Amino acid sequence: MRVSVIGTGYLGAVHAVGMAELGHSVIGIDVDPTKVDTLATGRAPFFEPDLDDLLAKHGESGAVRFSDAFGDAAGADVHFLCVGTPQRRDGLAADLSYVDAAVDALAPHLDRPCLVVGKSTVPVGTARRLAAQLARTAPAGTAAELAWNPEFLREGHAIADTLTPDRLVFGVDSDHAESVLREVYASALDGGTPLVVTDLPTAELVKVSANAFLATKISFINAIAEICETTGADVVKVADAIGHDPRIGRSFLDAGLGFGGGCLPKDIRAFIARAGEIGAGQSLLFLHEVDAINLRRRERVAEIAAELAGGTLIGRKVAVLGAAFKPHSDDVRDSPALNVAGRLQLQGAHVAVYDPRATDNARRIFPTLEYAPSAYEACRGAHVVLHLTEWPEFGEIDPSELATVVDQRNVVDGRNCLDADAWRAAGWTYRSLGRP
Ligand code: UGA
């Protein structure tokens, strides 16, 4: 099929090559010509495992092309909307200006029957509004139909999540729209991927509900971590034990510095805002608490760092291992690690950050922090070492060797995954979140 992908950020670039890999002929459209040029050379403007290989492969064969002209999307049968919906600057709600602009720019080119498929995470009710807008403004009128097909990919696993999703959700208004989407995803469906076919508002809600649930699960275990901190209990053991219950499950119960990134934080806030708009604010009051628990973890790490530094951070050197919001990504949007680094610097510390992939992005938003070329360099002369993003290479650090470069052997394991016994045996004061 001929497919266009509008917006080639994290979601769109991966979706474009994913569609090419599934055998479709793809044009990716973005308003940023620099991004388009980079993608056209077979490289992604961000780090995502395996993405460059697929971009090069499908770029060379011509299966995927990129352009900054919306007119180039005109011949496609299916148009995927993959633009961002960040938090508004003036409140909790989602900023829909990119979605609106994409539909405004695309609609005049839709002069033949086609399906416009929203993938962006939007407040419930947006799809109905956009469907009406398309019917009004596209030359094809109601033959330019709208569907919603939410995306569940995780950064760092985005290619696998796109090619072999754990479920597909089609929000449709007609059998025709469902059959078009079945054709788009034929290989995944043939492979047994579960499918839920529903209406537009339900599809929108599936996405935000999934992210709200994941955020709640993380904040739940982080609240238990707070209790563990005052009782001497071990939150990792609690998570392991309750996670054996199949009704609970172990995943997304890793206590630590909490969630960040371009999705969970802004999605729970947009959900709260939308619930308020539709008169159901009370239903999601608990999400305020989910957000608050999450942000408290950042404060707690800063407190522990100050304690270990002898009560004050003024003039102390702190090494921060990790800047990305999670490993296998160079994304620093709402990164808990960088948030802590910035906080400690404001409290007078000299902060040196090392991240295997995210240094350039981190430097752009926090230019005043020092960025080291390796974990060892970041730790040279440090009074406290903070492990804040669980890149595998940090788990391989030999604590005895690292001890030779620091000023004092203090480590805070913000992700609860270093070997506490090994660090203590090497003479370190090891502190973590929710573990004795
Ligand atoms: C999240 C969802 O997991 C995806 O399903 C969804 O498609 C995506 O948002 C989106 O809306 O586009 P992502 O933001 O890539 O994906 O990251 P996650 O893997 O969900 O991690 C989010 C944050 O939670 C990270 O900062 C991670 O370190 C933290 N986390 C995760 C924990 O603190 N504990 C855990 O047990 C798991």
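Colleague: Which residues come nearest to the ligand?
Modeller: This is a predicted model, and in it Leu 153, Glu 155, Lys 207, Asn 211 and Asp 254 come nearest, out of the 21 residues around the ligand.

Colleague: What about Phe 152, how far is its polar backbone atom from the ligand oxygen?
Modeller: That distance is 2.9 Å. Gly 260 also takes part through its backbone, with an N or O atom 3.1 Å from an oxygen atom of the ligand.

Colleague: And Arg 415, is it a backbone or a side-chain atom that lies 3.3 Å from a ligand oxygen?
Modeller: For Arg 415 it's a polar side-chain atom.

Colleague: You mentioned Asn 211. Which helix is it in?
Modeller: Asn 211 belongs to α9, where it is one of the residues touching α11. So Asn 211 turns up twice: among the residues that come nearest to the ligand, and in this helix contact.

Colleague: How do α9 and α11 pack?
Modeller: Helix α9 covers residues 200–231 and α11 covers 264–277; they pack at about 115°, with their axes 9 Å apart. The crossing is left-handed. On the α9 side the contact includes Leu 205, Val 208 and Ile 218, while α11 brings Leu 264, Asp 267, Ile 268 and Phe 271.

Colleague: What classes of residue make up that contact?
Modeller: Eight are nonpolar, two are polar and one is charged.

Colleague: Switching to the sheet: what's the strand order?
Modeller: The six strands run β11-β10-β9-β12-β13-β14 in an open sheet, with parallel pairing.

Colleague: Why are β11 and β14 left without a neighbour on one side?
Modeller: They stand at the edges, β11 at 370–371 and β14 at 429–432, and each has a single partner strand, so one side of each has no neighbour in the sheet.

Colleague: How many bridges join β9 and β10?
Modeller: Five, linking residues 317–321 of β9 with 350–354 of β10 in the parallel sense. As an example, Lys 317 has His 350 as its bridge partner in β10.

Colleague: Which helices lie across these strands?
Modeller: Helix α12, residues 285–308, lies across β12, β13 and β14, at about 165° to β14. Helix α13, residues 336–346, lies across β9, β10, β11 and β12, and runs at about 160° to β10.

How values were computed
Residues numbered from 1 in each chain as written. Predicted model: local features only at pLDDT ≥ 70, side-chain atom pairs only at ≥ 80, totals over all residues. Heavy atoms only, no water. Pairing = 2+ DSSP bridges. Helix = DSSP H or I, 4+ residues; strand = E, 2+ residues; numbered from the N terminus. Contact = heavy atoms within 4.5 Å. Axes fitted to C-alpha atoms, helices over the stretch in contact; angles between N-to-C directions. Left-handed = near helix turned anticlockwise from the far one by under 90°. Nonpolar A, V, L, I, M, F, W, Y, C, P; charged D, E, K, R; others polar. Near = heavy atom within 4 Å. Polar contact = N/O pair within 3.5 Å; in protein donor to acceptor, adjacent residues only side chain to side chain.
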